[in-house]
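Trainee: I have a model open and a few questions about its local geometry. Could we go through them together?
Mentor: Gladly, let's take a look.

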Amino acid sequence: MASGDLGHQHTRDCSGTAAFSPFSPSLLDLLSNTLVLYQTIPYLPVSAVLNVAATSRSFRRLLHSTPGVFRHLDLTQVTAAQFDIDGIDHGGEVWRNVQVDENLTEDDFYSGPLRGIFSSLKRRDILQHVSTLVLDGLSVTAEFLNDILVDPSSRIRILSIREVKNLNERKLMQTLRYACRPSRSDGMPRLKAMYYFGKKDAVTPLLTAPPPARAAPARASRGANISAGWNHKSQHTLKESIEEEGEDWYSRKGRIISRRIADGWAETLLDCRETLHFDTVLCTGPRHQNSPAFGKVPITPVTPNGGSPWGVATFAVGGCASCGSAPEGFTVYGESRQEDLPLLSPVPLHSSSIKSACRPGSVHGDGNRRHEFVPRCLECIRERYCFSCNQWWCEACYEVPSREQLAQHVYIVDETNALLYQEITALEQQKVKTPKITRSCWECEHNCLDCIAETQKHCQRCGGGYCIIHHEGSTMRLCDWCSQRGGRRCRELY
């Protein structure tokens, strides 16, 4: 045999030995390592985990006997859990379907998909191991949630129901307040955290390899490679930008809760604050009775009766622009009470503890940084907060001028066009406060004077005022009308 043939035979033997070496780990060997298993399973949908368990007895024994495999259950992407049917009653139109039982209640209709999934999970002995349940965007009823709260066999500690459908908020408030009543049984409710007020987490698509395509010209192939490269770069850039923004409340300031808060939620959070944690907290402004500064700082009532004694925080602000603090102080992670800390998004994957859900992600990266914020509702920062630069002025440093102080005063003028003596004296004694926050553009919300000076301009041609943000086509010198149409011809219209 020639030396070349011996070399090829030796290569084939070595490659075959390497391919079937007993030292190369299999997928079962990798997943048998609990560290690898616990770090991998939360990223897989429950359908994928069940499909892997169905491949062999070894996988089934591994996945069903290892505790914590089904600890985190996310049903948001399960096809059977989706509910895209409109309401039963459309303003007098009778909804009919021969496949629906006439004795079916409204709760059974809207919660049918989830109840069917829960029944299947109970038969497979999976539901009893679930500690974190994510139902964001699905059809969830108050009766269905009541069954989870009152079920003594339930082990669910963290529940996420953000942006769900067909949920009666009033019934949910009653259910939560009843479950957290002082006369409840010991150890109940087992649920300790609920995500409800914030936005649901964005679904990150998995990066899969593209299917093999037919041979294409060199120019087209090069263009496809460039596009794939840019898509890969854009995904990394988006991920980095999201990480740089930081988590809500501590790093990102401004409006945190964008949804409308229904009446009664503040009282519900107050009754459940020692038992349940939510993704928001009570407002600590001086006008509320739960505030440490209640009755210590003069406030301007927003309503004749003073407003509600409690409020739900929808904004996170930093220190006052004047004094750098707040009358009630800061909510500080690591120093404030646990019930005063909000749940942070996203829902934790590798733990079902309240500490993990409330811990800022940047704590591990920068241990010397002080994580703090001031929770406020809209009424407590009205005409105190700038929606452009997120600056605000506290009650101790700035008193919001009343309507009487800002109103234009009419003075008596004599025949010589001069003010009377007593009116001149009153004008000299009067000290009208200059508001720090005002609204010069209808679409800009309330802004401070510095931000208004940067965005609100006067046209050098027609003299009219305009906003450089919301008046498209305007420039720093001309308004949108004058810059595009050559000027206004009818000055009396403006």
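Trainee: Is Trp249 buried or exposed?
Mentor: Keep in mind that this is a predicted model. Trp249 sits in the loop between α10 (218-245) and β5 (254-255), and its phi is near 75 degrees, a positive value in a residue other than glycine. The relative accessible area of Trp249 is 1%, and the cut-off for the class is under 20%, so Trp249 is buried.

Trainee: And which class does Glu383 fall into, by its relative accessible area?
Mentor: Glu383 also has a positive phi, near 60 degrees, and is found in the loop between β9 (372-376) and α13 (403-406). Its relative accessible area is 32%, and the class from 20% to 50% applies. Glu383 is therefore partly exposed.

Trainee: How many disulfides are there?
Mentor: A disulfide needs cysteine sulfur atoms within 2.5 Å. For Cys377, the nearest cysteine sulfur belongs to Cys380, 3.5 Å away. For Cys479, that of Cys482 is nearest, at 3.5 Å. By this rule, the count is 0.

Trainee: How is helix α4 oriented to α5?
Mentor: The axes of α4 (residues 46-53) and α5 (residues 57-65) come within 7 Å and cross at roughly 135 degrees. Val49, Val52 and Ala53 in α4 meet Phe59, Arg60, Leu63 and His64 in α5. That crossing angle makes α4 to α5 oblique.

Trainee: Which residue does a cis peptide bond join to Ser345?
Mentor: Look in the loop between β8 (331-332) and α12 (354-358). Omega of the bond is about 5 degrees, and the partner of Ser345 is Pro346.

Notes: Residues numbered from 1 in each chain as written. Predicted model: local features only at pLDDT ≥ 70, side-chain atom pairs only at ≥ 80, totals over all residues. Heavy atoms only, no water. Axes fitted to C-alpha atoms, helices over the stretch in contact; angles between N-to-C directions. Helix = DSSP H or I, 4+ residues; strand = E, 2+ residues; numbered from the N terminus. Parallel < 35°, antiparallel > 145°, perpendicular 65-115°, else oblique. Contact = heavy atoms within 4.5 Å. Buried < 20%, exposed > 50% of the residue type's maximum accessible area, 1.4 Å probe, protein only.
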